[in-house]
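Subject: Handover of a structure

Dear colleague,

Please find below the structure that I am handing over to you. My notes on it follow directly after.

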Amino acid sequence: MSSRSLAYLSNYAIYSALVVIAIAFFSHAFEVAFSVKNVEEKTSFDFAKTDRWGRIGTAMMVLGVIFNFAGIVLRGLSAHRVPWGNMYEFSITGSFAFGAAYLYALAKYKVRWLGLPVSIATLLTLGTAITVLYRPSAPLVPALKSTWLAIHVSAAIISGGTFLLANTVAATYLILDRMEERGGRPEWAKRLPSLEALDQLSYRLVAFVFPLWTFAVIAGAIWAESAWGRYWGWDPKETWAFITWVAYAAYLHARVTVGWRGRRAAWLCLFAGSTFLFNYVYVNIWGTGRHTYSGL
Amino acid sequence: MTEQIGTRATLRWLWRQLTSMRTAIMLLLLLGVASIPGSLFPQRNQNPLKVRDFLAAHKSTGKILESLKFFDVYSSPWFSAIYILLFISLIGCVLPRTLEHIKAIGKQPPLTPKFLDRMEGYEQVGGDLDSAQVWLKKNRFRIRREEGSISAEKGYTRESGNLLFHLSLILILVAVAMGGLFGSKGEAILNVGDTFVNTPTSYDNLSFGKFQREGSLRSFALHIDAFKATYDPATRAPLDYKLTVSAAEPIGSKAKTQIIKVNSPLTYGSTKIYLQANGYSPVVTVRDKKGKITFQGAVEFLPQDANLTSIGAIKVPDMNPQIGFVSSFLPTAARTAQRGAFSSYPDVLNPQLLVSVWMGNLGLDNGNPQSVYRVDTSQMRRIGLKALSLHQLYNFGEGSITFEGWEQWVNLQIVDDPGKLYALLGGILAILGLMASLFGRQRRIWIKLREDGELEIAGLAKNSAPGLLEELKSLKTHLENRK
Ligand code: HEM
C-alpha cells in the first residue's frame, strides 16, 4: 500500500476512535446520570440499575483504544519512522496510553467510575490533535495558531454539549411535570426517570460543567491576551460568554442557597442554556466581533 | 441625638441590605443584563467608525441611545455603578464569612443533638462507640467524643472552596480595575523603515488609565526592519506574519533584533507590543499643472477582504483647488464583468491603483475629525477616473499622479496592563475554589449510646449532598462486623 493511503487509513482510524470514545463518554454519563434514585426524599445512587450503560461504556472504550492504536501504527508505517514526530503524533499516542492504562486498571480493580473522566480526557486529546495539531493539513490563520485556543475551544464545546444536555433534561422535566399534573404519564413516558431524578440530574450536569465553562472562558481570555493584546474586551462573543456564566451562577445560587427546585429551577436552567445557544447562533452569524484577523 | 441614631441605624440597614446575598445575586444578574446593549450596538472603543455610521443612519434614536451611553456601555457610569456596588457587596458578605470559617476550622464539631431520630438515615444498631470512632478516624472525620456520644464532621473543603471562589472573584475585580486605572493602551501604524519611540506623541491613538501619568510609559524605541506575510498558494489563507524590529530598551541602548508574531508579542515588564494588523501603503507622487511636486510618499490603505483589496484616500490640500483621490489598491489585480476590479491574491503579484479624482474643498479645516481612509466629497466634483499599473502616470488636467510602488504597514498595539497577572491568578484560584465547592460534600454523623446498650446513628448532609446514606450503611456494616 502507498504511504498516502496508509496515512488516510490512519486518519480514518483516529476518527473512528473519536466517535467510539464519544459513545463511551455518553454511556458513562448516562450510567451516572440515571442512577440517581430517591430514597424517602433523599437522593442517592443505584449503580446496579445502570449497570448496562456502564458495560456499553467499557466495550466502547476498548474499541476506541484499539482504533487509536491502529491509527498510531498506520501513521508510523506511512511515514517510515516511529510515529512521534510532531505534536499531533504525540497527542494521539498520549491518548492511547491514557486509555490503555485505564483499561488495565479496570481489569484489575473496580474503577469503572473513572470511565467518565477518562473518556472526556481522551476525547479532548484526540479532538485537539485532529482539529488543531494535525499535519499535514490545510493551514490555520496565524491568530488561531495557539494551543490556548485549542484548549479553549474543546473546553467550550464540552461545556456547551453538557449545558444543552442539561437543557434537554430540564425540558423533559417540565413536559413530564405537565403530564403528571394532567392526570399521569402516558405509557411511553413511564420508563423515564422520576421528576426528582430529572431535577437532580440537570443540576448535577450544570454543577459538573460550570467549572469547565469557567475554565473555557479563562482559557479564551489567555488566548485573547496573546493574540489581541487584552484579555477581556467585551467583544460580543465574550460578552455573551460572560452572560451565560452569570446565568448559570445565578442558577446554582438559586438551587444551593435559596433552595429552588423543580419547575422554577428548570425554567432558570432553560434560560441559562438559551443564552449559550444565542451566543452560538446570533454572535456567529450576525455578530460584529473580531472573527477574521486580516482586516483592521 | 435620636436623629443621629436614626441615621446610623439607616446606614447599618443599608449596609446589611447591600451585603446580603440576594442583593449580590441581583447585582450579578444586573451586570449580565447591563452588558447586553454593548453586544447589540457598535461600541466606540471597539469600532468608532461604525458608531459614526450608526449615528448618521439613525438620527433621533441615535441621540437617545447616545445620551444613555449605549455606545460606550462598558465605561458608562451606570455600568461602573453596578460593578462597584457588586464589588462592595461581595466584600461585605464574603470577608465576615471567611473570618468565621477560619475560626470554625480550629473548633470541634458541634455537640450531638438531643434527638437523633429526626435526622437523616436514623437507625439503631449494635456495636460500641470505640469501633465507631476507629471507622470515623479511618474515614478522616473530625471527631468530638463526649460521654456516651460521638459527633463527627467532614467536608470543610466545601466551604473553604466556596470562600476561595468568592474571594478570587474579588481579586479579579481588583485586577480589572487596576488595569483600567494604572494601565495604558495605544496603537501605532508604521511603515517598514519607520522608527517608533514610545512617547505619547508617537501614537495614532493612546488611552491612559485615570491614575496613569504620561511620563510613565516604558522607555523603548523600535525600528521596523522588515515585515513578511506568507500565504498558502492553494487556499490564499495567511500562513504566517513575521515582523522584524530593532528594539532599543531603554531608548539609547544598543538595539537588538527581535521578532514579533501574531501570538507572540514583544514583552517588556508589564508592557507588551502586539502585531495587530497589516496592510499596504501605495507610494505615489502628485504634481500640479506646472509639474511641481505637491505630494509624495506612502499612504496607508485599509484592507477590505481576505485578498487585501484595500481602500484609502490620498489628500492633497496644498493644491489650489484642493485635490482628493478616492482610491483602491489591488495587490493582485483581476477583473470580471460582474465584479469589476478586485484583488485575487493577498500578496503583490500584479499591483494596481484605482483612483477617482475629486476637486474642490477637502473640508479639512472645518474642525470635524475626518477618517484618513475617506475623502469627504460633499464639496467636491469628480474630474477623472483611472486604473494605474506600476510606474504609470495619469494626467487629470489639473495635474498628474504617478503610482511609484508600495510599502507594507503594520499596526502595533502597545498595552501596559499591570493587573493582568492578578486577574490570571484570580481565575486559577476561582476554578480551584469552584471545584472544591461543587464537588465537596459537607456532612455530619452522630452516634449515641442508648441506655439499653444499642447505638443510634444518624447524619445530616448540607445542601442534601448525595452519598450520606451509603456512608451510614458502611458504618453500620463496620459496627456489625466488629460485634
Ligand atoms: C454577596 C455575595 C455572595 C454571597 C454571600 C454568596 C454566597 C454563596 C453561598 C453561601 C454559596 C453556597 C455554598 C455552599 O452551599 O456551600 C455560594 C455558591 C456559589 N456562588 Fe456565591 N455568593 C455571593 C456572590 C456571588 C457572585 C457575585 C458570584 C458570581 C458568579 C457567585 C457565584 C457562586 C457560585 C458559582 C456558587 C456555587 C454554587 C454551588 O455551590 O453549587 N456568588 N455563594
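Is helix α7(A) largely enclosed by the rest of the structure or largely open, and why? Of its 21 residues, 19 are buried, so α7(A) is largely enclosed by the rest of the structure. Please bear in mind that this is a predicted model.

The length of this helix was also checked. Helix α7 of chain A covers residues 236-256, and at 1.5 Å a residue its 21 residues should span 30 Å; the C-alpha atoms at its ends lie 30 Å apart, so the two values agree.

The same helix leads to the metal site. His253(A) and His166(B) coordinate the iron atom of the ligand, each through NE2, at 1.9 to 2.0 Å. This pair crosses between chains: His253(A) belongs to helix α7 of chain A, and His166(B) to helix α8 (residues 156-182) of chain B. Six donor atoms surround the iron atom, and the angles they subtend run from 80 to 179°, so the arrangement is octahedral. Buried means under 20% relative accessible area. His253(A) therefore counts as buried at 18% relative accessibility, and His166(B) counts as buried at 13%.

Just as a frame for chain A, there are eight helices and two strands in it. Their order from the N terminus is α-β-β-α-α-α-α-α-α-α. Chain A has 296 residues, of which 52% count as buried.

On the surface of chain B, Leu164(B), Leu421(B), Leu424(B), Ile428(B) and Leu432(B) make a nonpolar patch of about 440 Å². Helix α9 (residues 420-439) of chain B gives the largest share of this patch, with four residues. Leu421(B) lies in helix α9 of chain B and is exposed, its relative accessible area being 65%.

Some backbone features also deserve mention. Glu249(B) and Pro250(B) are joined by a cis peptide bond with an omega of about 0°; Pro250(B) sits in the loop between β8 (238-248) and β9 (256-261) of chain B. Another cis peptide bond, with an omega of about -5°, joins Asn320(B) and Pro321(B), and Pro321(B) is in the loop between β14 (310-316) and β15 (322-330) of chain B.

Trp234(A) is not a glycine, yet has a positive phi of about 55°. Trp234(A) is found in the loop between α6 (195-228) and α7 of chain A, and is buried with a relative accessible area of 17%. Lys69(B) likewise has a positive phi, near 65°. Lys69(B) is placed in the loop between α5 (59-67) and α6 (77-106) of chain B and is partly exposed, at 37% relative accessible area.

With kind regards

Terms used. Residues are numbered from 1 along each chain as its sequence is written. Chains are lettered from A and ligands numbered from 1 in the order in which they are written. This is a predicted model: local features need pLDDT of at least 70, side-chain atom pairs count only at pLDDT 80 or more; totals for chains, interfaces and linings use all residues. Side-chain values use heavy atoms; hydrogens and water are left out. The expected span of a helix is 1.5 Å times one less than its number of residues. Buried means under 20% relative accessible area, exposed over 50%, partly exposed in between (1.4 Å probe, protein chains only). Donors are N, O and S atoms within 2.8 Å of the metal (3.2 Å for Na, K and Ca); water is not among the atoms, so sites may look incomplete. Four donors count as tetrahedral if all angles lie between 85 and 135 degrees; four count as square planar and six as octahedral if opposite donors are over 155 degrees apart and all others between 65 and 115; anything else is irregular. Patches are made of residues with over 30% relative accessible area and no salt bridge: like charges are joined within 9 Å, nonpolar side chains (Val, Leu, Ile, Met, Phe, Trp, Tyr) within 5 Å. Accessible areas come from the Shrake-Rupley method with a 1.4 Å probe; for residues, only the protein chains shown count as cover. A salt bridge is a side-chain nitrogen of Lys or Arg within 4 Å of a carboxyl oxygen of Asp or Glu.
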